[in-house]
Amino acid sequence: MTPEQFRLYGHRAIDWVADYLENPERYPVLPKVQPGDLTDSLPAAGPEQGESMDAILADFEKLIVPATTQWNHPGFMAYFGISAAPAGILGELLTAALNVNGMLWKSSPSVVELEQVTLRWLAQWTGLPSDWFGCIYDTASTSSMHAIAAARQAADPESRTKGCDPRLTVYTSEQSHSSIEKGALAVGIGQERVRRIGTDSEFRMCPGKLRVAIEHDLAAGLRPCCVTATVGTTSTTSVDPVPAIADICKQYGIWLHVDAAYAGSAMVIPEFRWAYEGCERADSLVTNPHKWLLTPVDCSVFYTSRPEVLRQAFSLVPEYLQTKPDPRAINLMDYGVPLGRRFRALKLWFVMRSFGREGLADVIREHVRLAQDLASEVDADPRFERTAPSPFSVVCFRYKGSDEENRRIQEEVNATGEIFISGTVLNGRFTLRVAVGNQATTVKHMQRVWELVKQAVPAVT
Ligand SMILES: Cc1ncc(COP(=O)(O)O)c(C=O)c1O
């Protein structure tokens, strides 16, 4: 491609993005495709000769976009709704253009230093200790896996050389994300050594049950090494009692990791900081700007107050990557499994600068307000019941009927192509779950989801 052609197609691509973002409801939120449709529409083998950008862009519009779930759609209220702010998209474009690999300070000082600076800003904005070490991984799953690896290292330094002690145990609540269990199995602790601690009526880990589980394991000769508390669980956004959990971790010398993948972004708003109470005592914490801080996927921020332990767990430097030691020249490859790393801080920096803390707080505050209004509608309708408190922007509720009826409501709402909601199981019963997180979502979309849910209620016979 010549520089002139790049300019031409670059402008066309940006124009496409601008149109797309201007009208995010142009496509149904859920694509109207069946499994295999896209595969069948694409050639079985790649082209021998290069094709024109005209042909490639035309197929992008004709084949790829219609098979894409529209996470940018304001009716996207499943899982955790997300947005990529235009500033973040531009940051991502420039990251691709620079195409640097930030494994070492020397391999790109900008990647390493901007990552440290943006994460310090984020810590300040969210009330976390500003001297914590931070680095960016792809997902919260990877971040939590590194937390568990560090916990293993702290409890059993020989695990690095001799492999994992089979007596190590990990604790998390029965409401925590599956990534914690996966992290434990990835570092060799094994699913059987992960204790799922019971929760209270509001889906928060019970510290008393945690203590009993730890005591029981100690008595059996096992070695508790990590507790993961969640600030904003996936199903209900409940917040575990971190101060009480931190006391227990301190008493038994156990690594405390906090999973704030979703709710961590809300801490840019001072009135939500209650949810981070006690987190300053954690050994590590993960929060995902790609969930609720308008940063394009992927961007998961991992903080630790004990970076030296992470380093002991992972630093392994071959001859050809040796550099002159300098305390200000951090080599991020020393702090985890990946050697190469993308310049993810650039898009986060673009978003943070273009909104400012107050701008981001305004967006998140509005999402919470929209969700709270829906919660009030549900509370006011005797045919429905809320199934969990809604401290942030997620509302869990159900029609007072069978699971099958509620599943049918979800299917009917999603079949419209206007709204996409998910469901979860709470206290053994299927429940509808609406998550607000898209920048384009307004009162109109919230009214629509409620209208569609009510329309799907089974007729009284
Ligand atoms: C609380 C929590 N932790 C972890 C994750 C996993 O996130 P990721 O997809 O970044 O691995 C999720 C995903 O929704 C989550 O809700």
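Which strand is Thr304 found in? Thr304 belongs to β8. This is a predicted model, so keep that in mind as we walk through it.

## Starting from β8

Strand β8 covers residues 300–304, and Thr304 is part of that strand. With a relative accessibility of 1%, Thr304 counts as buried, because the cut-off for that label is under 20%. Its partner to look at is Ser284: 20 residues separate Thr304 and Ser284 in sequence, yet their C-alpha atoms are 4.1 Å apart in space.

Just before β8 there is a backbone detail to check. The peptide bond running from Val297 to Asp298 is cis, and its omega is near 10°. Asp298 itself sits in the loop that links α11 to β8.

## Around the ligand

Helix α11 (289–292) also turns up at the ligand. Here is the ligand's setting: it sits in the second largest pocket. Two elements, α6 (140–155) and α11 (289–292), each give two or more residues to the shell around the ligand.

That shell has 13 residues, and the ones that come nearest are Ala140, Ser141, Thr234, Asp259 and Asn288. By character, the shell residues split into 3 nonpolar, 8 polar and 2 charged.

For the polar side of things, these are three side chains with an N or O atom close to a ligand oxygen, within the 3.5 Å cut-off:

| Side chain | Ligand atom | Distance |
|---|---|---|
| Ser141 | oxygen | 2.5 Å |
| Thr234 | oxygen | 2.8 Å |
| Lys291 | oxygen | 3.3 Å |

Taken alone, the ligand would expose 390 Å², and the protein buries 85% of that area.

## Two positive phi values

Now for some backbone angles. Which residues have a positive phi although they are not glycines? Tyr79 has one of about 45°, and Asn99 has one of about 50°.

Both are loop residues. Tyr79 is in the stretch between β1 (76–77) and α4 (86–98), while Asn99 is in the loop between α4 and α5 (109–126). So α4 has one of these residues in the loop on either side of it.

How do they stand in terms of accessibility? Tyr79 is partly exposed, at a relative accessible area of 44%. Asn99 is exposed because its relative accessible area, 64%, falls over the 50% cut-off.

## A buried asparagine and a loop glycine

Asn406 is another asparagine to look at, this time in a helix: α14, residues 403–415. Is Asn406 buried or exposed? Its relative accessible area is 0%, so Asn406 is buried. The side chain of Asn406 reaches the backbone nitrogen of Tyr399 at a distance of 2.7 Å.

Finally, Gly188 lies in the loop between α8 (178–186) and β4 (194–197). Gly188 is partly exposed, with a relative accessible area of 46%. Along the sequence, Gly188 and Arg152 are 36 residues apart, while the distance between their C-alpha atoms is 9.6 Å. The range of α6 (140–155) takes in the number of Arg152, which links this pair back to an element that contributes to the ligand shell.

Methods:
Residues are numbered from 1 along each chain as its sequence is written. This is a predicted model: local features need pLDDT of at least 70, side-chain atom pairs count only at pLDDT 80 or more; totals for chains, interfaces and linings use all residues. Side-chain values use heavy atoms; hydrogens and water are left out. A residue is near a molecule or strand if one of its heavy atoms lies within 4 Å of it. A polar contact is a pair of N or O atoms within 3.5 Å; within protein, one must be able to donate a hydrogen and the other to accept it, and residues adjacent in sequence count only if both atoms are side-chain atoms. Accessible areas come from the Shrake-Rupley method with a 1.4 Å probe; for residues, only the protein chains shown count as cover. On a 1 Å grid over the protein atoms alone, a cavity is a set of points where a 1.4 Å probe fits but cannot get out, and a pocket is an open set with protein on both sides within 12 Å along at least five of seven lines; lining residues have an atom within 4 Å of a point. A molecule sits in a cavity or pocket if more than half of its atoms lie within 2 Å of its grid points. Helices (H or I, at least four residues) and strands (E, at least two) are DSSP runs, numbered from the N terminus. Ala, Val, Leu, Ile, Met, Phe, Trp, Tyr, Cys and Pro count as nonpolar, Asp, Glu, Lys and Arg as charged, and the others, Gly among them, as polar. Buried means under 20% relative accessible area, exposed over 50%, partly exposed in between (1.4 Å probe, protein chains only).
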